[in-house]
Structures are given as C-alpha cells and as structure tokens.
Amino acid sequence: MTLYMDVHIGLAAMSLPEAEDAHALDLAVEAKYGVHFIGGWVSDAGGQAFCLMEAPSPEAAAAVHREAHGMVADYILEISEAMVDGFLGGSPTTASGLRLLPDESRTDGATRTVLFTDMENSTKFTQEFGDDRYVDLLGVHDSVIRQALTTHGGREVKHTGDGVMASFVSASRAVESAMAIQRGFVEQGARPGASPIKVRIGLSTGEPVLVGASDLFGATVQLAARVCAHAKPRQILASSAVYDVCLGKNLPFQERGAVELRGFPEPIRVYEVAW
C-alpha cells in the first residue's frame, strides 16, 4: 500500500482528546476500505490537523473520514517516510498515535516559491566510484546550490541526499536562483578533472503549510517535487503559478503544455526556464 498524509485546514478548535476520539472512529471503519491509519498531528490551538495512513488510494482514505465522522481533509498527498520526518518532526508519539503540534506550527498564510533540485545518476556514481568520491562530489554540489541561494535570497529547508529543497519569498528571485544553479554547474564541469554534475530543478508557488519555525509542507511543496521529477537533467521546470507571478519580470519562460504528475488529479501546466 501507499503512504499518504491528509491535511485539514480551518478546523474548529480541537483538543488532543477530541482528536483521539475522532481517530478511534477512523480505526473502527478503516478495514472496510483497506486503510491503515498510523497516527497524526493536531494543533493545540485548533485550525489544522494532519493524518498519516497507508491506503490503496486517496479516495479510500477520504472515505474512512467521511463515514467515521465527516471531517474530510482539504487535500491528500502521497508522501515518503523521509517527508514525515523532514516536515513534521518525526513519528507520532502518544499511545493513540497522535501528536500535539505547538501553536507556532500553524500556517502563516504567506505565499512562497518552493524549489527542488535532484542530481542525476547519484546512485550510479556512488556504485562506480565509491562513497568517498561521492562525498567529495556532493560537497561541490552543495556549494554551487548554496551560493546561488545566498545570492538570490533563498532559504534551504532541507537536504534530500542528492538534492535540496529551498523556499523564496520572491518567485522571480527563485527563478533567477535556479538559473544561477544551472550555470554554476556548467562552470564547475568545465574545470580540469571535474566530474560533471547535472541537476533537475522544479519550482512551484503557493501557500505551503508552515510547520514549526521553518519547515514547509503541503500541495505547493509536493507540486515542486513532482515538477522537479518530471524535468530532464539540466532543465528548469516551473508550475503555471510561478509563471503567473513572474509576469512582467522579463524572465525566459517557454510553455511546455500540461503534464500528468503523480498524486495530482488534473494535468498541470508547466513552463521551462531557458537559462
């Protein structure tokens, strides 16, 4: 089965005991839909909650909430275990499987542009040249990306092992940072004895959920990751929201049509940035 997290925004104030009662109702009917609820998180001031489950489909996960108590999520995202650790600070800890999020973890409603990078053939490089060479290559990779983020006002949210997730207040500066990253790797690869590094880059703009002081979660983050995965090596792809926000900025966008992205029910229109 697939790991999913659903996101509830704008809930009425809900205490942890009330959330545990709702969770118990989910557990009572989950088998009917082939779903296994693992746990979740609820804000101590109310307003948002996250439920973690294994399910055969998003529709099956939603059906459990609908029958159990009627509190259907605003959206449901397919995720990995690493995303749970990175975005919400680890696994649920209470006996019921629920965890209380402090009030400062509530979304601030700010629009941000999320950038993901992904290095091509990182696993193959490690297998061919060993861990030590890969660590050296990763150091060069990180240096190029972090220099571009610093120059263009980006904030590194997390390192994914062979890439970086970053956020920007300005969409245009996020695009400029992506262009600087690609140019930086071309310059790096031209140096004598250098191992060329090729990365994919994906961008999305929206209102991600702010968890804690710095971590981001939500559809905007998931879309940026999926757009990145769809890109080719040395390509920058952006969602239509990035393009719309950057109108009038004289940036080199080229429309690439609507594409099917895993986890999104409708095709997403994407734009390539010619760097």
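In which hand does helix 5 pass helix 6 in their crossing? The answer comes after an overview of the model, which is a predicted one in which local features need pLDDT of at least 70 and side-chain atom pairs count only at pLDDT 80 or more, while totals for chains, interfaces and linings use all residues. Residues are numbered from 1 along each chain as its sequence is written, and side-chain values use heavy atoms, with hydrogens and water left out.

The secondary structure comes to eight helices and 14 strands, taken as DSSP runs numbered from the N terminus (helices are H or I, at least four residues; strands are E, at least two). Of the 275 residues, 49% count as buried, where buried means under 20% relative accessible area, exposed over 50%, and partly exposed in between, with a 1.4 Å probe and protein chains only. Among contacts (heavy atoms within 4.5 Å) between residues at least 6 apart in sequence, 71% join residues at least 24 apart.

Seven strands form an open sheet of mixed pairing, in the order 7-8-6-9-12-14-13; two strands pair if DSSP finds at least two bridges between them. Strand 7 (155–159) and strand 13 (253–259) stand at the edges with a single partner strand each, so one side of each has no neighbour in the sheet. On average, neighbouring strands of this sheet are turned by 25° against each other, direction ignored. Strand 13 runs antiparallel to strand 14 (residues 268–273), to which five bridges join it, and Q254 has E272 in strand 14 as its bridge partner. Helix 7 (residues 219–230) packs on this sheet and touches strands 6, 8, 9, 12, 13 and 14, its direction making about 150° with that of strand 9; such angles run from 0 to 180 degrees between N-to-C directions, and axes are lines fitted to C-alpha atoms, for helices over the stretch in contact.

Two packed helices are described by the angle between their axes and the distance between the axes. For helix 5 (residues 131–152) and helix 6 (residues 171–189), the axes come within 9 Å and cross at roughly 145°, and the crossing is right-handed, meaning that the near helix is turned clockwise from the far one by less than a right angle, whereas anticlockwise would be left-handed. Among the residues that meet are V140, V144 and I145 in helix 5 and A180, I181 and F185 in helix 6. By class, this contact has eight nonpolar, six polar and two charged residues, where Ala, Val, Leu, Ile, Met, Phe, Trp, Tyr, Cys and Pro count as nonpolar, Asp, Glu, Lys and Arg as charged, and the others, Gly among them, as polar. Helix 6 also holds S172, which counts as buried at 13% relative accessibility and touches C246, K249 and L251, residues up to four places away in sequence not being counted.

Helix 5 has a further partner in helix 4 (residues 122–129), the two axes coming within 7 Å and crossing at roughly 135°. That makes helix 4 oblique to helix 5, since angles under 35 degrees count as roughly parallel, over 145 as roughly antiparallel, 65 to 115 as roughly perpendicular and the rest as oblique. Here S122, F125, T126 and F129 meet D131, R133, Y134 and L137. In the loop between strand 6 and helix 4 lies N121, whose phi is positive, near 60°, in a residue other than glycine; N121 is partly exposed, with a relative accessible area of 44%.
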